[in-house]
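Please open the structure in your viewer and keep the selection tool at hand. The tour below goes from one selection to the next and says what is there.

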Amino acid sequence: MPASTPPAPKRPADGRARRTGRMILRALIFGLLAALVALVIAVFVTMASLPSFQDLMQKPNGQTVRVHAADGTLVVALGPSYGDWLTYDRIPPTMRDAIVAVEDRRFYSHPGVDPIGVARMLYVAKRLHDEGRRLQGGSTITQQLARNIFLSSAYSYGRKIREAIIALALERKFSKQQILELYLNRVYFGGGSYGVDAASRKFFGHAGDHMSLAEAAIVAGLVKAPSHYSPSADPQASVDRANVVLDVMQDAGAITPAQARNAHPEQVRFAPEPKQNSVRYFTDWVLAQLDTVVDEQTAPLDVWTTLDLRMQRAADDAIRGSTPKGLQGALISMENDGAVRAMVGGTDYVTSIYNRTTQSQRQPGSAFKLFVYLAALEGGLKPSDRVIDQPTTIDGWSPRNSSRRYLGDIDVRNAFALSINTIAAQLGQRVGFEQVANMAHRFGITTQINTHPSMVLGTSDVRLIDMTRAFASVSNNGNAVTPYGILKVTTTDGTMIYQHDAGEPRVLVAPYVAAEMTDLLQTAVNTGTARAAQIGRPVAGKTGTTSSNKDGWFLGFSSGLTTGVWMGRDDAKSIPGLQGGRNPAQAFSLYMRTALLTRPAEKFQTDVTLPEWQLEPDDEAYFGNPDQQYGDEQAPEGMDQGAPPEEDAAAPQNPDEIDDRAAPPERPTRRPLPEGDRPPQLDQRWLDGVLGNRRAAPPQDAQAPH
């Protein structure tokens with residue numbers, strides 16, 4: 001019998017390996033159990049600290065400001081929009097089904113974190129990592145809700161862990177219906193809209209509690225990429241995405257194939273996107289003042305403004321229709337109490353948000369003569385006083401008239417109407433250039449005014465809003481006018497937190513000075529450089545054109561409404577043919593004819609009734625056809641201009657130079673008219689009569705101009 005083989009001795013290494021393996025396994029199990037316990041503790045601690053459902057229904061931070069026009073119409077809403085809170089049973093079932101199908105198909109079965117989704121996410125994440133890309137998405141609806149309410153969107157593994165813990169806590173504290181209700185009222189759908197109601201109102205123009213299947217598919221498709229699929233940005237992309245959502249809903253069993261085929265997202269009518277038109281110039285100006293009138297920084301606000309939408313449309317049309325191509329135009333219109341009714345800061349807000357009404361500083365040209373004559377009238381000058389239009393030199397500066405002529409003996413009213421530069425210089429010297437600057441600041445000019453002699457011709461930069469304010473103060477009988485746009489500010493429940501207070505009136509000049517200035521301004525429109533601004537009712541105003549035709553201005557008032565217009569280039573380059581009495585005056589006329597339609601005509605203290613030879617048969621004409629009046633800068637072809645305008649495009653480009661190329665005639669000349677058609681002479685006697693300064697009727701035997 002052979003001897004038995006002794007058993008092989010055990011190798012110590014094998015035993016150590018098994019022991020090590022068991023230790024590692026126990027450590028892993030212990031670690032997993034510890035992690036599970038820690039997770040459970042973290043979930044329950046988080047759950048205990050979660051706000052109540054009622055607290056979570058509160059709208060998130062971010063102030064909403066809604067701006068209303070004077071008639072209450074909502075003009076623009078800025079900041080996040082939340083719409084009405086829709087309870088679970090008010091949210092259309094198709095909307096609930098669509099969002100669950102496309103965002104979290106296993107929403108009703110997972111505990112807040114989807115294990116299958118996590119496994120798939122980890123697999124995809126590894127593949128993307130190998131390709132050098134980062135995983136996006138992969139969160140359940142509950143995780144998205146946790147992130148939207150409690151966390152930021154910054155990507156990190158720590159944030160993902162916190163997101164999962166909060167999601168598990170949410171699922172422990174709230175029902176699936178409550179979570180879905182919170183999600184659909186808080187998720188961002190693009191265009192500033194949070195929640196299905198806000199999204200439905202923005203994109204479809206109706207409340208979110210009765211969306212169609214196609215509309216629900218469009219809204220549900222926005223969550224993945226709101227800016228990319230937004231109907232406002234790309235309607236076709238939103239329709240294509242909606243078709244994907246319908247396919248997913250059909251695959252998930254939420255809808256039948258027939259329902260998917262009959263949805264037709266391409267037939268959904270989107271609400272028109274509010275145009276970023278000229279009204280935004282006004283709202284930007286108003287909202288910039290909001291912090292100065294209210295302290296509220298978080299609660300939603302309603303801002304009620306002075307804006308008149310009908311006037312605003314008329315202003316926009318006037319600027320767009322009258323501003324030459326390649327130029328910018330601006331217009332502001334205000335009441336005698338300073339309420340701004342219309343504001344256009346440029347020809348197109350979309351391409352340029354720069355507000356040329358309130359921000360731009362440009363030379364006003366002869367429109368600045370308003371302050372020269374105000375100072376002179378306050379100093380005792382009368383519209384009927386005689387002055388001498390002749391070559392003048394002041395401290396080495398020799399102004400010239402753009403007509404290159406001198407009229408000699410003339411009354412103040414005609415000198416202003418024809419915007420004679422030499423007379424303005426003489427008056428400025430008489431009252432003092434410092435006094436003229438003080439008068440400008442008194443009437444609301446906020447920019448620096450130089451006191452060189454040439455300042456009388458408007459060589460200091462000013463703002464259109466300030467110049468319009470000054471003219472409005474003249475219209476307001478010499479009382480100060482402060483432009484304002486906010487009538488009141490309320491919370492959404494109607495609580496008043498600010499209301500405009502006009503305050504006590506502040507007198508700038510005596511009423512008689514304002515009346516005499518109005519006399520001069522209406523003469524400029526009736527017989528002088530501003531005839532293109534006639535609107536079929538009494539109007540007073542003044543043109544302005546700067547050297548080299550860089551800026552064109554017209555400012556005037558009628559029936560309690562004052563309007564200022566500016567045109568030019570932002571780079572201040574010369575514009576051949578640009579004159580205040582042309583396009584700016586035409587824009588003024590076009591706007592004012594519409595703006596004043598609902599107002600009765602108001603007469604000035606000096607009523608103008610021109611003779612029959614200056615009246616047109618058209619009932620809408622107040623002072624006849626500007627193209628056929630004395631001294632018109634737009635006289636018919638072949639007719640000499642009796643009194644060239646204040647700014648002549650053909651004149652030398654430097655207004656500070658005196659034209660000595662020809663001896664100045666005593667009076668301007670024009671082609672003689674047939675004997676029976678000759679108008680009365682534009683002299684003081686005639687003007688005093690038609691302006692009501694004398695009881696006597698206008699002279700009937702006046703001679704024709706020579």
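Which residue stands opposite Glu 335 in strand 14? Select Glu 335, and the residue opposite is Leu 561 in strand 14. Before going further, note that this is a predicted model, in which local features need pLDDT of at least 70, side-chain atom pairs count only at pLDDT 80 or more, and totals for chains, interfaces and linings use all residues. Residues are numbered from 1 along each chain as its sequence is written, and side-chain values use heavy atoms, with hydrogens and water left out.

**The sheet**

Select strand 6 (residues 328–335) and strand 14 (residues 561–568), which run antiparallel and are joined by 8 bridges. Strands (E, at least two residues) and helices (H or I, at least four) are DSSP runs numbered from the N terminus, and two strands pair if DSSP finds at least two bridges between them. Widen the selection to the open sheet of 5 strands, whose order is 7-6-14-13-12 with antiparallel pairing. Strand 7 (340–344) and strand 12 (540–545) stand at the edges with a single partner strand each, so one side of each is left without a neighbour in the sheet. From one strand to the next the twist averages 5°, where axes are lines fitted to C-alpha atoms, for helices over the stretch in contact, and angles run from 0 to 180 degrees between N-to-C directions.

Next, add helix 15 (residues 309–322), which packs on the sheet and touches strand 6, strand 7 and strand 14, contact meaning heavy atoms within 4.5 Å. The direction of helix 15 makes about 30° with that of strand 7. Helix 21 (residues 511–527) also packs on the sheet, touching strand 12 and strand 13 (551–558), and its direction makes about 65° with that of strand 12.

**The largest nonpolar core**

Select Phe 371, Tyr 373 and Met 517, which touch the most other members of the 81-residue largest nonpolar core. Such a core is a set of buried Ala, Val, Leu, Ile, Met, Phe, Trp, Tyr and Cys residues joined through side-chain atoms within 4.5 Å, buried meaning under 20% relative accessible area with a 1.4 Å probe and protein chains only. Helix 16 (residues 369–378) gives the most to this core, with 8 residues.

**A buried asparagine**

Finally, go to Asn 185 in helix 7 (residues 176–186), which counts as buried at 5% relative accessibility. A polar atom of the Asn 185 side chain lies 2.8 Å from the backbone oxygen of Glu 181.

Key
Buried < 20%, exposed > 50% of the residue type's maximum accessible area, 1.4 Å probe, protein only. Polar contact = N/O pair within 3.5 Å; in protein donor to acceptor, adjacent residues only side chain to side chain.
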